[in-house]
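Please take the sequence and the coordinates together, and follow the chain from its helices to the ligand. The paragraphs below go through a few elements in turn.

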Amino acid sequence: MDLGLTGKWALVCAASKGLGAGCAEALAAEGVNVVITARGEEALQAQAAKLRGINPAVQVVAVAGDITTEAGRAAALAAAPRVDILINNAGGPPPGDFRDWEREQWLAALDANMLTPIALIKATVDPMADRGFGRIVNITSGAVKAPIDVLGLSNGARSGLTGFVAGIARQSRIAGRNVTINNLLPGAFDTERLQKTMAAGAQKSGQPVDDVRAKRMSAIPAQRFGSAAEFGAICALMCSAHAGYLTGQNILLDGGSYPGTF
Ligand SMILES: NC(=O)c1ccc[n+]([C@@H]2O[C@H](COP(=O)([O-])OP(=O)(O)OC[C@H]3O[C@@H](n4cnc5c(N)ncnc54)[C@H](OP(=O)(O)O)[C@@H]3O)[C@@H](O)[C@H]2O)c1
């Protein structure tokens, strides 16, 4: 299927590795020009080179910076002639016990996983509506649907974003002008983040990391972790010209882990 995206411009945040990188790769393969961001310059430039290899016909701009800061967002926005597609993403907050978290930790989580996507939506959504096309996908987490107790910062901040998006996606000046806003909720995806979490779990329990990995996978009905490539493919589909009637939704990609009927 032709996704109808050739020549569009996407801003894909936090995209040198993992899920963001998977989204940028799928969009570039569909002929979308991409601006990618991350803090680490080296990995970002390597990913930009990979994207140019995937589709030499698209423009790839790499902007190093912290997307959770105003300066980082301004630099990312300035790098694209326009933003037709916005993929909101940033690192997730650390795990822990809520009894140990102070206002500072909460503000950092809110900045990264709620206020940054809201600021980028605010900066891009009205021009999208004026042009009659826009696709916004927020990478959140399966923890929004089924909270994970040690990820309280993530559960809280991402649920705040989810509630906000549910409201604005349904504004007629947004939905009525072919601008969609949806959330993509990853379950367990085999990225650097997941590998680090498992390595930490193995160290804590004294078990070999392969055992921790196998145990975690066997608890997933699909019996495996997801890949960044399949995450990116669904993201590209949600951004496609054909997905204009899909808005305000939370799409869970978790290999069947969530046990509910809906
Ligand atoms: N993988 C999973 O199973 C899973 C499950 C549920 C939710 N999630 C969430 O999905 C998001 C992506 O996860 P992932 O697994 O793809 O992580 P990852 O493999 O660690 O990749 C994170 C990417 O984001 C960039 N990044 C992080 N913080 C940034 C910042 N402040 N500004 C700009 N770029 C930043 C990183 O580059 P730099 O470090 O160089 O900046 C890297 O490119 C996270 O919020 C994570 O919590 C992931």
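Which residues are exposed on the other side of α2? The model is a predicted one, and in it E42 and G53 are the residues exposed on that other side of α2. The helix itself runs over residues 41-54, and its 14 residues reach 20 Å from the first C-alpha to the last, which is close to the 20 Å expected at 1.5 Å a residue. Its buried residues are L44, Q47, A48 and L51. Seen down the axis of α2, these buried residues fall within an arc of 105 degrees, so they line one face of the helix, whereas E42 and G53 lie exposed on the other side.

A similar reading can be made of α9. This helix covers residues 228-239, and because 12 residues at 1.5 Å a residue should span 16 Å, the 16 Å between its end C-alpha atoms agrees with that expectation. Buried in α9 are A228, F231, G232, C235, A236, M238 and C239. They cover an arc of only 160 degrees around the axis, and therefore they sit on the same side of α9.

Helix α4, which comprises residues 103-131, contains I121. This residue, I121, has a relative accessibility of 2%, and because buried means under 20%, I121 counts as buried. Along the chain I121 and I181 are 60 residues apart, while in space their C-alpha atoms are separated by 9.1 Å.

The ligand remains to be described. It is surrounded by 27 residues, of which the closest are S16, L19, R39, A90 and T191. By character, the residues of this shell divide into 9 nonpolar, 12 polar and 6 charged. Two helices, α1 (18-29) and α7 (192-205), each supply at least two residues of the shell.

Several polar backbone atoms of the protein can be placed against atoms of the ligand. An oxygen atom of the ligand is 2.8 Å from a polar backbone atom of G40, and for K17 the corresponding distance, again from a polar backbone atom to an oxygen atom of the ligand, is 3.0 Å. With I67 the ligand atom is a nitrogen, which is 3.0 Å from a polar backbone atom of that residue. Taken alone, the ligand exposes 880 Å², and the protein buries 88% of that area.

Conventions. Residues are numbered from 1 along each chain as its sequence is written. This is a predicted model: local features need pLDDT of at least 70, side-chain atom pairs count only at pLDDT 80 or more; totals for chains, interfaces and linings use all residues. Side-chain values use heavy atoms; hydrogens and water are left out. A residue is near a molecule or strand if one of its heavy atoms lies within 4 Å of it. A polar contact is a pair of N or O atoms within 3.5 Å; within protein, one must be able to donate a hydrogen and the other to accept it, and residues adjacent in sequence count only if both atoms are side-chain atoms. Accessible areas come from the Shrake-Rupley method with a 1.4 Å probe; for residues, only the protein chains shown count as cover. Helices (H or I, at least four residues) and strands (E, at least two) are DSSP runs, numbered from the N terminus. Ala, Val, Leu, Ile, Met, Phe, Trp, Tyr, Cys and Pro count as nonpolar, Asp, Glu, Lys and Arg as charged, and the others, Gly among them, as polar. The expected span of a helix is 1.5 Å times one less than its number of residues. Buried means under 20% relative accessible area, exposed over 50%, partly exposed in between (1.4 Å probe, protein chains only). The arc is that of the directions from the helix axis to the C-beta atoms.
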